[in-house]
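Hi everyone, thanks for coming. I'll walk you through one structure today, and please stop me if a word is new to you.

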Amino acid sequence: MNIDLVEGRDGEASAPGEPVLEAEDLRVWYSGPSGPVRAVDGVSFSLRPGEILGLVGESGCGKSTLGRGLLGLLPDGAARDGVLNFRGTDLLSLKAKQAYALRGGSLGMIFQEPLTRLNPLMRISEHFAETLKVHEKGISKAEIERRSLEALRVMGIPPTRLRAYPHEFSGGMRQRLMIGLTLVLRPAFVVADEPTTALDVLVEAQIIRILHDLRATYDTSLLLITHNLGIIAEACDRVAVMYAGKIVEIGDAREVFTRPRHSYTRELLRSTISLSTTGLNYIEGAPPDLTDPPSGCHFHPRCPDAMAICAQREPAVRTTDAGSRVACWDADRRDGLALSEAESAPLEREEIAVADEA
Amino acid sequence: MASSSGSLPRYIALRVLLIIPLVWVLLTVVFLLLRVAPGDPVSATVGDRLSEDALDERRAAAGLDRPLVVQYLDYLGNVARFDFGNTFRTDTPILSIVRDQGGATLTLTVGAFLIALLIGIPLGRLAGRFRDTPGDVAIRVYGVVSYAAPLFWVGILLVVLVNAVAPSFPTNDIASPFTKLDSEAYTKTHILVVDTLLAGDTSAFLDVLQHHLLPCLTLGFLLSGVIVRLVRINVIQALQGDYVEAARARGIGEGRVVRKHAFRNALVPVITVVGLQVALTLSGAVLTEKTFNWPGVGSALVRYIGERDYIAVQGLVTFFAVVVVFTSLIVDVINALVDPRVRY
């Protein structure tokens, strides 16, 4: 295992090509009724060509906002800040028109609910034709037909169905159509926001296989948002764990899964249900209110390992010797950081959490 | 491909067949409602002048003393032969009343609809797209006011206003007396606008058109309020649709997203509800006809109800019902053309 990891790291360091996408201290804030909601609060990561980065976390931790924020698909009243580069282009300073041109052509998105994502009044062929025409001015009819059929073929949908309407397809087929529609323009970077949540297990495996094969077919980089840890383990190169708007741990998928450093990652993994599960584990409490997140480490109110310092100071992001980046005081302490007696004392909690829960 | 997308001709054929039971139910309801109402045509017209025996004689002559079932079957049989009977007092065939006066009601209704759609759809679309802007607020106020304003009051206001501004502009009847005399000969369709146009009588046509303006505006004003609000809320809903976000994610420009994705989908429920408004418009037509002294079946219906003329009311209500039934057929067909999901 260790040897594997070292090799993986070397591979990562010598990977050819610049990152496709780089986010540095990216923040996405919504205006909420009781002040700004810090849905994404200082997130940094980068993606290389053909790489699949998994993004996990509980509902409401900011995963989907991050995904939409990368494409600029945010509602009115949302603001982005920080650094976001796509192949050297600063996405945050783009004009609306330039952003539209990039979207679809270079940045793609696959959504959670395939059943409602296609316009019910338009034939599949019209979806493809519209998408191609908007991005490639003067494209010929024959070329549209050829490209559409090619996309259907890659997705395993018979060419006879090109002129059918969305309601004539099953959920799994519609998700494949959505993927085909996203990929017909060959975007370099795609966000897949829980692409299989609404589908049954067999179809899920099929979709994940398609996404996994994308890098071989198109060299597409993928941000795969999910709360299914099995999918991450199966399909992703790296994984980022998100909690309350921050990435608390990011690293090689196998490394993070076999040796989680952050207490939240560990608890999340423990909560996974499988055949070998004997009892149900869950993390007590609920994710915090993002208008007024807890002090220090956002996870400390629910963390079984919380120390006094966790509630006082935010842990710094540190690169571990396995190449992961993690922001956790307990991980730091276990890796040899000297903390004073007072700092490492178990956190004294007010016993309201349980009552609140009930 | 036709089979997998649902067959349109088959759908339409099915809808046409469904009209038969629909009309039958309507006829039955009309028949029963009029029998349940107190009084009868004989006592209403001559009741205070004749003895009870003479009244019975009259009732027998009209066939009103027969069992209800017999009257009902007789009625259905006649309707099947397109015989709606004659009015009680003047012995005029109902069909000729519908023929001579139905055209005026139809043009009024169709004109009102056109005006309502021309005002309602663009305003509703603007308000929906630019939601919560001052323009949206103004359009919403228009929607509420036009829907809430009583029809006859709007009509009278318009008449007063037009009389003050342009006294020579017609505010009464469907045509000027002279035009009426001239156009007696035009009976091709019994729809005056069409007849004068077909006859090539430009001055008569323009005169009739002018007479149409105020009644159609009045009725269209009422209807446009419903359409504005309906289009607005459906555009707002459609703009929040998942497929709209997906289209934006594919880089489709906002103008196209609104036009091709949101607006088209917003129209689907609008078509259905607007079709239902036909019934409302017909009852509005009755009021409008009274206000503008319009020679339509609406005003005729009001008169015959006062006279308890079963046969006439029966016939005219059947006319209204058939218009509503056929409109709903048209609405269904339009819906099937727009929305492929309907064709199943």
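**Where the two chains meet**

Okay, let's start in the middle: putting chain A and chain B together buries about 2,400 Å² between them, and 55% of that is on carbon and sulfur atoms. On the chain A side, the residues that lose the most area to chain B are A:Y100, A:L121 and A:E130, and together they make up 28% of what that side buries. Before I go on, keep in mind that this is a predicted model.

How many residues are in contact across the two chains? On chain A there are 30, and they touch 26 residues of chain B. There are charges in play as well, with four salt bridges found across the interface of chain A and chain B. Take A:R68 and B:E245 as a pair to look for: they form a salt bridge, and their closest N and O atoms are 2.7 Å apart.

Back to A:Y100 for a second. The face of its ring has A:R103 lying over it, 4.8 Å from the ring centre. You can find a similar kind of arrangement in chain B, where B:R303 lies over the face of B:Y304, at 5.1 Å from the ring centre.

**Into the sheet of chain A**

Now please turn to chain A. It has an open sheet of eight strands with mixed pairing, and the order across it is 6-7-8-3-9-10-12-11. Which strands stand at the edges? Those are strand 6, residues 107-110, and strand 11, residues 318-319; each has a single partner strand, so one side of each is left without a neighbour in the sheet.

I'd like to spend some time on strand 9, which covers residues 238-243. In the order of the sheet, strand 9 sits between strand 3 and strand 10. Strand 3, residues 52-56, runs parallel to strand 9, and four bridges join the two. One pair to click on is A:V56 with its bridge partner A:V241. With strand 10, residues 246-252, the pairing is antiparallel and goes over six bridges. Here A:M242 has A:I247 as its bridge partner, and A:V239 stands opposite A:G251.

Strands 9 and 10 form a hairpin with two residues between the strands, and in that hairpin A:A244 takes a positive phi near 50 degrees.

So, is strand 9 covered or open? It is mostly covered: six of its six residues are buried. A bit of background helps here. In a regular strand, side chains alternate between the two faces of the sheet. For strand 9, one side has A:R238, A:A240 and A:M242, the other has A:V239, A:V241 and A:Y243, and both faces are covered.

**A little group of rings**

Let's stay with A:Y243, at the end of that strand. Over all chains, the count of aromatic pairs comes to seven. One of them is A:Y243 with A:Y264: the ring centres are 4.6 Å apart and the planes are at 55 degrees, so we call this pair tilted. Why does this pair tie together separate parts of the chain? Because A:Y243 is in strand 9 and A:Y264 is in helix 10, residues 263-270, the pair links parts that are 21 residues apart in sequence.

Both of these rings belong to buried residues. A:Y243 has a relative accessible area of 3%, and A:Y264 has 0%. Add A:F299 and you have one aromatic cluster of A:Y243, A:Y264 and A:F299.

**Over to chain B**

Last stop, chain B. What is its secondary structure made of? It comes to 14 helices and zero strands. Its C-alpha atoms fill a box of roughly 85 × 55 × 40 Å along the principal axes. Chain B has 344 residues, and 47% of them count as buried. If you take the contacts within chain B between residues at least 6 apart in sequence, 73% of those join residues at least 24 apart.

One residue to finish on: B:N163, which is found in helix 7, residues 151-165. Is B:N163 buried or partly exposed? With a relative accessible area of 35%, B:N163 is partly exposed. From B:N163 to B:L118 is 45 residues in sequence and 25 Å in space, going C-alpha to C-alpha.

That's my tour, thanks for listening.

Definitions and conventions
Residues are numbered from 1 along each chain as its sequence is written. Chains are lettered from A and ligands numbered from 1 in the order in which they are written. This is a predicted model: local features need pLDDT of at least 70, side-chain atom pairs count only at pLDDT 80 or more; totals for chains, interfaces and linings use all residues. Side-chain values use heavy atoms; hydrogens and water are left out. Buried means under 20% relative accessible area, exposed over 50%, partly exposed in between (1.4 Å probe, protein chains only). Two strands pair if DSSP finds at least two bridges between them. Rings of Phe, Tyr and Trp (its six-membered ring) pair if their centres lie within 6.5 Å; planes under 30 degrees apart count as stacked, over 60 as edge-to-face and the rest as tilted. A charge sits over a ring if NZ of Lys or CZ of Arg is within 6 Å of the ring centre and within 35 degrees of the ring normal. Contact means heavy atoms within 4.5 Å. Buried area is the accessible area (1.4 Å probe) that two parts lose on being put together, summed over both. A salt bridge is a side-chain nitrogen of Lys or Arg within 4 Å of a carboxyl oxygen of Asp or Glu.
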